[in-house]
Amino acid sequence: MTEFLPKSAEEVLEIIQWAVSEEAPLEIIGHGSKRGIGQPLQTEHTLDLSQLSGITLYEPEELVLSAKAGTPVAEIEAALRAHNQELAFEPMDYGPLLGVEPGRGTMGGLLAANLAGPRRLKAGAARDHVLGVHAVSGRGEGFKSGGRVVKNVTGYDLSKGLAGSWGTLAVATDITMKVLPAAETETTLCIAGLDDAAATLAMAIAMGSSAEVSGAAHLPEGVVGRFIEGGFSGGGQTVLRVEGFGPSVAYRVDLLSRLLGHLGSVETLDEALSRRLWREIRDGHPFADGSPAPVWRVSVAPSRGHELVDAFRRAAGVNVFYDWQGGLIWMRMEADPEAEILRKLIAHLGGGHATLVRAPLPVRAATPVFQPLPPALAALSARLKAQFDPKGLLNPARMAFA
Amino acid sequence: MSGLKMPQANAATLKKRAEIVADMRIIVPGEGVVDTENEMRAFESDGLTAYRQMPLVVVLPETTAQVSRILKYCHERDIRVVPRGSGTSLSGGALPLEDAVLLVMSRFNRILDIDYPNRAVVAQPGVTNLGITHAVEQEGFYYAPDPSSQIACSIGGNVAENSGGVHCLKYGLTANNVLGIEMVLMNGDVIRLGGRHLDAEGYDLLGLMTGSEGLLGVVTEVTVRILQKPETARALLIGFPSSEQAGQCVAEIIGAGIIPGGMEMMDGPAIRAAEDFVHAGYPLDVEALLIVELDGPQAEVDHLIDRVEAIARQNGATTSRASTSDEERAVFWAGRKAAFPAVGRISPDYYCMDGTIPRKQLPRVLAGMRALSEKYGLRVANVFHAGDGNLHPLILYDANKPGELEKAEDFGADILRLCVEVGGVLTGEHGVGVEKRDLMPEMFTEDDLNQQIRVKCAFDPNHLLNPGKVFPQLHRCAELGRMHIHRGQVPFPELERF
């Protein structure tokens with residue numbers, strides 16, 4: 001068992017070329033903060049990119065940042081903060097949910113997991129912000145794709161292709177991202193007492209308005225007490241975040257109150273509390289309690305989320321909260337994951353996907369962690385994997401079809 | 001590109017033309033198959049009109065099942081297929097081939113569903129970009145990406161080209177606004193990617209498909225995100241004595257945390273051509289003109305207009321006007337939007353380039369262009385999506401003068417090389433197509449290109465879909481599949497093994 005700790009892209013290339021010649025599968029990790037997601041790996045060797053670290057280019061006025069794959073996300077976010085900028089897709093931190101200390105994770109992991117946060121519904125995910133990559137394929141060949149400019153249609157967008165591939169296609173060594181100005185301020189409007197269906201309607205009205213809502217979540221009665229240290233009183237809370245320049249935020253919060261005020265009692269959270277709340281929503285805080293109970297991350301059409309939960313509850317004990325206007329559902333199971341039932345319901349309600357982001361090892365080994373694909377799509381995905389990694393050396397079987 | 005080489009026609013396909021036409025009529029009954037020279041003439045080129053080629057036959061299917069049967073039929077018989085939307089490509093992406101079926105998607109022209117609660121529209125690929133906005137504007141919604149050809153270009157073509165527009169910096173490209181597609185692979189497989197939910201299950205094939213220029217699959221349905229129209233929009237028209245000052249102003253606007261809805265720059269020749277043509281009231285004594293459009297709630301727009309004006313003054317702006325009505329804003333934009341035809345009035349022909357550069361390199365690239373302009377003896381006018389660094393130099397030439405087209409093309413290629421040299425790219429939004437195909441090695445190594453072609457191999461291993469586009473040379477997939485094993489020592493033998 002060898003743990004490779006390359007310090008340069010050239011060393012990564014050499015290691016993968018060696019793995020090709022020896023047909024030696026590799027587990028690819030950064031900080032290992034998301035190691036618990038996916039089918040369990042049984043590789044003899046590990047390629048640890050945490051020493052391949054450092055921001056190589058940051059030009060705030062050009063809205064661009066490049067970093068080596070092992071650069072801590074925390075370091076990148078600190079550098080951006082110094083210029084009032086950010087990764088606008090608000091990458092979540094899986095650490096707390098998976099029992100890893102918070103604040104870990106690398107640039108490479110951020111792309112490989114296609115991270116996003118509550119702002120996903122307005123600003124997109126990592127895939128929407130990656131501009132270019134340098135990577136080494138499972139063939140042991142270095143390649144680059146994209147560039148450092150936003151508008152670029154020169155050749156296939158392999159950078160997007162690596163987003164969400166969980167290290168199964170190629171090992172990124174350098175990644176270039178679009179960065180954006182951080183909002184001057186933010187406020188969250190909270191509506192109390194709505195049930196899941198009424199909350200879904202309220203969030204749809206808010207998102208369909210000109211208030212430019214950048215976060216729309218519903219925290220049902222069963223979980224609401226675990227947010228902001230129990231600062232919410234009473235039943236469920238439907239929360240809407242408004243960000244931007246001061247006068248604009250004030251105007252838009254007022255607009256939302258006028259649109260939705262008749263639905264229930266309305267309060268606002270100040271900037272500090274609002275930031276805290278959305279970080280907790282982002283990281284699945286209510287379920288990050290050290291327990292190993294299975295947690296699903298489900299994405300469906302926003303209007304169908306509550307219907308899915310309603311139907312699933314008839315089959316299994318589950319605690320949930322909703323982000324992304326109701327389309328992202330975090331579910332914690334009381335017992336087994338009930339993957340087949342859940343996925344049948346998703347298909348029945350117009351499609352989407354469910355990822356079992358947390359489960360004890362034996363459960364993960366027995367359950368497809370990622371959404372199983374229809375046959376033609378699975379075949380295409382397998383052909384793509386074979387083109388990048390014909391010998392199946394990179395994170396073998398981490399995604400079931402790959 | 002005048003010496004453009006396309007893949008050699010397959011003689012066996014040409015010989016079987018009558019049989020292929022008859023079989024196409026079985027798959028697509030009625031008026032869906034066009035095979036006379038006269039009728040096919042309309043399809044012999046796209047927006048890059050310097051290149052023309054009659055197709056083998058034109059087929060206009062109406063259903064996904066027909067598309068699937070056509071592709072499967074062609075796949076089994078080794079017949080090439082060129083997909084086409086509205087034919088507005090500026091890079092020859094839909095240029096027919098003599099031995100290829102031209103698959104025209106224009107009869108896929110219906111909007112299938114408007115879903116306001118999920119802010120999604122499901123459309124067939126032949127619906128125009130503007131058609132989507134028209135379908136939802138009565139409820140105050142619109143579809144954000146707005147390529148200048150939006151009145152004609154199709155949403156399926158937008159997916160193929162990852163089309164942009166003037167609002168990209170704030171609202172993103174096609175890739176950021178498409179939620180899902182249905183597509184047909186060359187082997188006839190029908191595949192759905194995404195939908196009304198966010199993010200892909202499995203690999204981000206939607207990301208790979210967007211901007212793949214019709215080489216990976218044929219899009220038969222598109223689901224896009226729609227947005228509520230901003231409450232207000234106001235524009236500033238700002239003149240500078242130099243493009244350096246205008247460029248610095250752009251950098252400082254962004255540095256101040258302001259992302260305008262649109263930010264366009266024109267150079268002296270472009271300003272004067274546009275003003276002569278549309279009389280938008282542009283100042284003629286400046287060397288660079290910025291149009292900065294701010295959109296959002298009234299309170300925000302008014303607040304930001306003041307801040308942008310102050311930044312412009314600090315950077316030496318000599319004129320600055322803020323629009324006070326939508327009519328005035330439209331006049332500000334009229335000159336910019338008419339820049340291409342305006343340049344067309346001062347020159348018999350023009351050749352539009354499409355590189356993107358890091359914004360701060362603008363002065364260097366403009367200076368380089370002036371030198372090239374002298375070298376080639378051809379004039380150039382520049383319009384620039386200043387927010388995102390996408391440059392559209394318009395090279396003025398006269399195709400009737402022998403050798404001038406070639407000279408313009410060489411000039412254009414030199415400009416694109418310059419863009420790559422300063423850290424930019426060959427094409428920002430028009431696509432590679434046939435036009436920039438042979439320049440790809442300026443930006444990519446052989447390994448880079450081979451990895452892209454391997455993606456093609458996963459989707460279309462026999463290279464039957466839109467061959468001759470994007471890649472200077474399509475290596476056979478079998479050849480690319482071979483592994484080159486570098487036998488050697490274990491790297492870092494000094495590492496402890498445990």
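Visitor: What separates the C-alpha centres of domain 1 and domain 4 in chain B, in Å?
Guide: The C-alpha centres of those two domains of chain B lie 32 Å apart, the domain bounds coming from an automatic or database domain assignment. This is a predicted model, in which local features need pLDDT of at least 70 and side-chain atom pairs count only at pLDDT 80 or more, while totals for chains, interfaces and linings use all residues. Residues are numbered from 1 along each chain as its sequence is written, and chains are lettered from A and ligands numbered from 1 in the order in which they are written.

Visitor: And how many residues does each of the two domains put into their contact?
Guide: Domain 1 of chain B and domain 4 of chain B each give eight residues to the contact, where two residues are in contact if their C-beta atoms, placed from the backbone, lie within 7 Å. On the domain 1 side there are four nonpolar, four polar and no charged residues (Ala, Val, Leu, Ile, Met, Phe, Trp, Tyr, Cys and Pro count as nonpolar, Asp, Glu, Lys and Arg as charged, and the others, Gly among them, as polar).

Visitor: Where do the domains of chain B begin and end?
Guide: The assignment divides chain B into domain 1 (11–104), domain 2 (111–228), domain 3 (232–340), domain 4 (347–437) and domain 5 (445–476).

Visitor: Let's switch to the sheet: what is the strand order in chain B?
Guide: Seven strands of chain B make an open sheet with antiparallel pairing, ordered β15-β12-β14-β13-β17-β18-β16; strands (E, at least two residues) and helices (H or I, at least four) are DSSP runs numbered from the N terminus, and two strands pair if DSSP finds at least two bridges between them. At the edges of this sheet are β15 (319–322) and β16 (349–352) of chain B, each of which pairs on one side only. From one strand to the next, the twist averages 15 degrees.

Visitor: Which helix packs on that sheet and touches β12, β13 and β14?
Guide: Helix α10 (residues 243–255) of chain B does so, and its direction makes about 20 degrees with that of β14(B). Helix α13 (residues 326–337) of chain B also lies across β12, β13 and β14, as well as β17 (380–385), running at about 55 degrees to β12(B).

Visitor: Is β14(B) buried or exposed?
Guide: Nine of its nine residues are buried, so β14(B) is largely enclosed by the rest of the structure (a residue is buried if 20 or more other C-beta atoms lie within 10 Å of its own, exposed if 12 or fewer, and partly exposed in between, with C-beta atoms placed from the backbone). In a regular strand the side chains alternate between the two faces of the sheet. Both faces of β14(B) are covered, one side including Leu290(B) and Val292(B) and the other including Ile291(B) and Glu293(B).

Visitor: How many bridges tie β14(B) to β12(B)?
Guide: Nine bridges join β12(B) and β14(B) in the antiparallel sense, with Thr232(B) opposite Gly296(B) of β14(B). The pairing of β13(B) with β14(B) is also antiparallel and has six bridges, and there Gly262(B) stands opposite Glu293(B).

Visitor: New topic: at what angle do α11 and α14 of chain B cross?
Guide: The axes of α11 (residues 268–278) and α14 (residues 339–346) of chain B cross at roughly 90 degrees and come within 8 Å, axes being lines fitted to C-alpha atoms, for helices over the stretch in contact, with angles running from 0 to 180 degrees between N-to-C directions. That makes α11(B) roughly perpendicular to α14(B) (65 to 115 degrees, while under 35 is roughly parallel, over 145 roughly antiparallel and the rest oblique). Among the residues making the contact are Ala270(B) and Phe277(B) of α11(B), and Val343(B) and Ile346(B) of α14(B). By class, this contact of α11(B) with α14(B) has 10 nonpolar, no polar and two charged residues.

Visitor: What about the contact between the chains: how many residues come from each?
Guide: Chain B gives 85 residues and chain A gives 86 residues. On the side of chain B that touches chain A, the element giving the most is α18(B), with eight residues.

Visitor: Last one: which residues does Met24(B) touch beyond its sequence neighbours?
Guide: Leaving aside neighbours within four places in sequence, Met24(B) is in contact with Val33(B), Val57(B), Val59(B) and Ile70(B). Met24(B) sits in helix α2 (residues 17–27) of chain B and counts as buried, with 26 C-beta neighbours inside 10 Å.
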